[in-house]
Amino acid sequence: MAPKLFSKPISPRRRIYVIALVLFLCIFSYLLGLRHQASTPTALLRTTPQNITVPTTPTKPHFFPACGVEYSEYTPCQHTQRSLKFDRDRLIYRERHCPEKEEVLKCRIPPPPGYRNPFSWPVSRDLAWYVNVPHKDLTVEKAVQNWIRYEGETFRFPGGGTMFPNGADAYIDNIGKLINLKDGSIRTAIDTGCGVGSWGAYLLSRGILTMSFAPRDTHEAQVQFALERGVPALIGILASKRLPYPSSAFDMAHCSRCLIPWPQYDGIYLIEVDRVLRPGGYWILSGPPINWKKHWKGWERTKEDLNSEQVSIEKVAKSLCWTKIVEEGDLAIWQKPINHLNCKANRKINKNPPFCNAQDPDKAWDTDMEACLTHLPEVSSSEEIAGGKLPKWPERLNAIPQRISRGNVKGVTEQTFIHDSQLWNKRLSYYRTINNRLSQPGRYRNFLDMNAFLGGFAAALVHDPVWVMNVVPVDVKLNTLGVVYDRGLIGTYQDWCEAMSTYPRTYDFIHADSVFSLYENRCEMEDILLEMDRILRPEGSVIVRENVEMLAKIKTIADKLNWSSEIVNHEDGSSHQNEKILFAVKNYWTAPPQISDQQGSTAT
């Protein structure tokens with residue numbers, strides 16, 4: 001006879017205890033299994049996204065629903081209908097105005113029907129698929145200016161612009177005759193009112209990295225075209241808030257008929273350009289009112305009006321202590337002083353604009369502009385460059401950044417910088433063993449680093465044909481975005497509880513190091529992941545670094561986004577290391593032509 005396991009029936013209370021113990025052991029075993037997952041992540045090694053395997057689950061995951069096709073270009077914080085509630089003075093209504101918590105969509109933004117992977121760089125500079133950005137308005141409106149042409153299934157970008165119909169290359173060559181664009185002293189640039197990004201696109205071949213921005217306005221999808229071409233860009237506008245960049249970030253600023261009223265509002269827009277320009281940096285202006293004597297009839301403005309505008313711009317520039325170094329043809333160039341020694345002496349006579357009182361010149365997220373001049377670091381002679389002379393590019397990338405050597409970033413030393421650079425070279429090498437597409441030139445172009453710190457990930461990628469948007473979250477303890485710019489890289493500030501100022505399907509690759517632990521208990525994890533899904537292209541890749549418990553939660557949501565994903569060990573190879581890495585790929589999908597509007601309309 002078989003022995004009895006229990007001599008008497010189990011009481012109800014004891015049965016509950018047994019069930020609770022079994023449940024606890026199951027959960028503990030699952031987490032332990034994640035922690036001790038095989039150190040060789042073969043599922044993603046040398047594979048295509050279609051072959052990626054994920055841990056099996058007992059039931060099919062419940063996917064987030066697709067939004068309606070009318071949301072295929074949805075930009076949450078630059079939504080046209082919401083913007084109409086705000087002040088039109090100074091175009092404030094075109095600034096960031098994000099949805100309230102109850103308005104946030106809980107659905108996946110669909111690519112348009114027939115969406116195709118963009119052309120690889122450098123072909124993408126000149127060609128984009130029509131189906132990806134189906135807007136022909138600019139091909140008509142800007143036809144004579146050679147912005148963009150529609151050719152069958154594609155758009156072609158001849159490189160023209162409003163003030164350079166003969167092409168950006170020839171236009172940049174003309175600028176290069178007036179200031180040196182070849183010796184590496186100019187590395188970072190900002191293009192205000194960038195159109196389809198041709199100026200920045202053609203500067204890349206000269207080793208100059210441009211942050212292009214323009215509002216979401218009547219020129220439909222201009223920033224979206226720039227991004228589709230593989231050119232760094234953000235949706236943005238000079239209105240009432242500071243640009244989301246640190247002080248002394250750019251070597252050169254540019255406006256080509258950008259329609260910004262520079263002399264108005266006490267010159268506050270030029271004052272903001274002064275804040276983000278480095279000591280000795282250049283401001284380039286083409287278009288009205290420059291060379292108005294030649295163009296005034298075509299601009300349909302009076303001579304008196306244009307002359308008055310130019311006089312006003314000259315006055316503001318002079319009040320900022322800028323020097324006009326040249327006006328030739330359709331170009332005028334001013335230079336910011338290398339220090340404020342003489343400028344402060346002149347302020348005893350002319351105090352407008354005044355120097356700013358105690359304020360953080362690098363605080364630039366949702367921060368009002370001020371009509372005051374940002375202080376430069378003190379110098380001992382008129383020949384000394386405030387803050388020190390930057391190395392030329394490419395030496396600038398790995399030289400100790402000025403803000404670190406001056407002790408401006410508390411707790412970050414030269415050794416911290418050196419160690420961080422070595423660490424990210426090691427990590428990128430490991431990433432390449434997991435995702436072989438990182439080693440395929442042209443597979444990825446637009447990268448996003450959601451928590452960039454010193455820009456080490458971007459620096460490790462510098463020899464690849466890619467660009468990286470380095471984000472420093474506003475919630476981190478140390479503001480290091482100035483260090484990123486000191487290295488000759490670009491980036492922006494961002495609150496990841498809100499949507500990014502960019503179009504859907506901006507990035508091929510998203511890197512998130514400790515982002516979710518940073519925002520734990522501040523906003524919903526699923527909202528951050530839905531935003532990542534919105535701005536990630538189909539078949540784009542994601543890397544998330546977190547502790548294993550956090551990654552288990554992230555993977556559950558990633559499954560609901562229909563991402564293929566796998567959790568693998570830390571690059572040190574230890575299964576006992578609590579930090580793990582999630583590799584994911586967004587599976588290809590698009591809105592079908594007959595998609596119902598019902599889900600999208602209920603989501604709003």
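**Exercise 1. Is D366 buried, partly exposed or exposed?**

Let's warm up with a residue in this predicted model.

- Step 1: find the spot. D366 sits in the loop between α10 and α11.
- Step 2: take the relative accessible area, which is 57% for D366.
- Step 3: apply the cut-off. Exposed means over 50%, so D366 is exposed.
- Step 4: check the backbone while you're there. D366 isn't a glycine, yet its phi is positive, about 55 degrees.

**Exercise 2. Work out where Y265 lies and how accessible it is.**

- Step 1: the backbone. Y265 also has a positive phi of about 55 degrees without being a glycine.
- Step 2: the reason to flag that. Most residues other than glycine have a negative phi.
- Step 3: the element. Y265 belongs to helix α7, residues 264-276.
- Step 4: the accessibility. Y265 comes out at 32% relative accessible area, so call Y265 partly exposed.

**Exercise 3. Find two cis peptide bonds and place the second residue of each.**

- Step 1: look at W121 and P122. The bond joining them is cis, with omega about 10 degrees.
- Step 2: place P122. This proline is in the loop between α2 (80-83) and β1.
- Step 3: move on to P288 and P289, also joined by a cis peptide bond, here with omega about 5 degrees.
- Step 4: place P289, which lies in the loop between β8 (277-286) and α8 (292-295).
- Step 5: keep the background in mind: most peptide bonds are trans.

**Exercise 4. Take the salt bridges R206 with D169, K392 with D183 and D559 with K555, and say what each one links.**

The salt-bridge count for the model comes to 35. Here are the three to work through.

- Step 1: R206 and D169. Their closest N and O atoms are 2.9 Å apart. The pair links distant parts of the chain, 37 residues apart: R206 is in the loop between α5 (198-203) and β5 (209-214), while D169 is in helix α4, residues 168-176. On accessibility, R206 is partly exposed at 25%, and D169 is partly exposed at 34%.
- Step 2: K392 and D183. This salt bridge has an N to O distance of 3.3 Å. K392 lies in the loop between α10 (341-346) and α11 (395-398) and D183 in the loop between α4 and β4 (188-192), so the bridge ties together parts 209 residues apart in sequence. K392 has 37% relative accessibility and counts as partly exposed; D183 is partly exposed too, at 28%.
- Step 3: D559 and K555. The closest N and O atoms are 3.2 Å apart. This pair stays within helix α18 (residues 548-560), four residues apart, or about one turn of the helix. D559 and K555 are both buried.
- Step 4: salt bridges can also chain up. Those that share partners join D251, R278, D362, R396, R403 and D486 into one network.

**Exercise 5. Describe how α17 packs against α18.**

- Step 1: the geometry. The axes of α17 (residues 525-535) and α18 come within 10 Å and cross at roughly 55 degrees.
- Step 2: the label. With that angle, α17 is oblique to α18.
- Step 3: the handedness. The crossing of α17 past α18 is right-handed.
- Step 4: the residues. From α17 you have M525, E526 and L529, meeting M550, K553, I554 and I557 from α18.
- Step 5: the chemistry. That contact divides into five nonpolar residues, two charged and no polar.

**Exercise 6. Which residues surround N132, S319 and Y519, leaving aside neighbours up to four places away in sequence?**

- Step 1: N132. You'll find N132 in the loop between β1 (127-129) and α3 (137-141). Its relative accessibility is 1%, so N132 is buried. The contacts are P112, Y115, R116, P118, Q224 and E228.
- Step 2: S319. This serine is in helix α9, residues 303-319. At 12% relative accessible area, S319 is buried. S319 is in contact with R347, N352 and P353.
- Step 3: Y519. Look in the loop between α16 (515-518) and α17. Y519 counts as buried, at 1% relative accessibility. Y519 touches P473, V474, D475, Q494, D495, W496, C497 and I528.
- Step 4: one distance to check in your viewer. Y519 and C497 are 22 residues apart in sequence, with their C-alpha atoms 7.7 Å apart in space.

Notes. Residues numbered from 1 in each chain as written. Predicted model: local features only at pLDDT ≥ 70, side-chain atom pairs only at ≥ 80, totals over all residues. Heavy atoms only, no water. Salt bridge = Lys/Arg side-chain N within 4 Å of Asp/Glu carboxyl O. Buried < 20%, exposed > 50% of the residue type's maximum accessible area, 1.4 Å probe, protein only. Axes fitted to C-alpha atoms, helices over the stretch in contact; angles between N-to-C directions. Parallel < 35°, antiparallel > 145°, perpendicular 65-115°, else oblique. Left-handed = near helix turned anticlockwise from the far one by under 90°. Contact = heavy atoms within 4.5 Å. Nonpolar A, V, L, I, M, F, W, Y, C, P; charged D, E, K, R; others polar.
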